[in-house]
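Reader: I have a structure open and would like to talk through its charged pairs and its interior. Could we take the charged pairs before the rest?

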Amino acid sequence: MNTSLTLPNVHAYDLTHFKIETLRIESTVLKDNPLNDPAIRFNPLLVPHSPGPWPVVLVLGGFTGNAPFYFNAKFNERNAIQVIDAAYGRGEAPEALYVF
């Protein structure tokens, strides 16, 4: 059986249209797997402030990347989270639940 739970996050960025939360997923399928991958996974979410339901956008990292890298601060430029928030404000990105 798989279980999931949404956890609140620390306020890290001034986002106008979204809040950051973390989806905690516990999988019995991954428990005791031969590669010793963790059975509990944490996926950051961008959740719109407006009431749902929303479409879901899966933001996939490259081969060597993972979800938290999208949230890293960058010198003198916006990170991916801030870019999505600004794009939504300009009408260039959909109002959706973004899963990293």
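Reader: How many salt bridges does the structure hold?
Author: This is a predicted model, and three salt bridges are found in it.

Reader: Which residue does Lys19 pair with?
Author: Lys19 pairs with Glu21, and their closest N and O atoms lie 3.3 Å apart.

Reader: Is Glu21 buried or exposed?
Author: Glu21 has a relative accessibility of 17%. Buried means under 20%, so Glu21 counts as buried. Its partner Lys19, at 38%, counts as partly exposed.

Reader: And what does Arg24 bind to in a salt bridge?
Author: Arg24 forms a salt bridge with Glu26, with 3.5 Å between the closest N and O atoms. Arg24 is partly exposed at 22% relative accessible area, and Glu26 is partly exposed at 32%.

Reader: What is the N to O distance between Glu92 and Arg90?
Author: The side chains of Glu92 and Arg90 meet at 2.9 Å, N to O. Glu92 has a relative accessible area of 56% and Arg90 has 51%. Exposed means over 50%, so Glu92 counts as exposed, and so does Arg90.

Reader: Turning to the interior, which residues touch the most other members of the largest nonpolar core?
Author: That core has 14 residues, and Leu15, Ile20, Leu46, Ile81, Tyr98 and Phe100 touch the most other members. Strand E2 (18–26) and helix H1 (80–89) are the elements that give two or more residues to the core. The largest share, three residues, comes from H1.

Reader: What does Leu46 touch, leaving out residues up to four places away in sequence?
Author: Leu46 touches Leu15, Phe18, Lys19, Ile20, Ile81, Ile84, Ala96, Leu97, Tyr98 and Phe100. Lys19, one of these contacts of Leu46, is also the salt-bridge partner of Glu21.

Reader: Which residues are included in the second core?
Author: The second core is separate and has five residues, among them Leu23, Leu45, Leu97 and Val99.

Reader: Why do nonpolar side chains tend to be buried together at all, or is that simply a general pattern?
Author: It is a general tendency in soluble globular proteins that nonpolar side chains are buried together.

Reader: What pattern does the chain follow along the sequence?
Author: The pattern reads β-β-β-β-α-β, with one helix and five strands in the protein chain.

Reader: And how much of the chain counts as buried?
Author: Of its 100 residues, 30% count as buried. The accessible surface of the protein chain is about 7,000 Å², and 59% of that belongs to carbon and sulfur atoms.

Key: Residues numbered from 1 in each chain as written. Predicted model: local features only at pLDDT ≥ 70, side-chain atom pairs only at ≥ 80, totals over all residues. Heavy atoms only, no water. Salt bridge = Lys/Arg side-chain N within 4 Å of Asp/Glu carboxyl O. Buried < 20%, exposed > 50% of the residue type's maximum accessible area, 1.4 Å probe, protein only. Core = buried A, V, L, I, M, F, W, Y, C linked by side-chain atoms within 4.5 Å. Helix = DSSP H or I, 4+ residues; strand = E, 2+ residues; numbered from the N terminus. Contact = heavy atoms within 4.5 Å. Areas by Shrake-Rupley, 256 points an atom, 1.4 Å probe, with all protein chains shown as cover.
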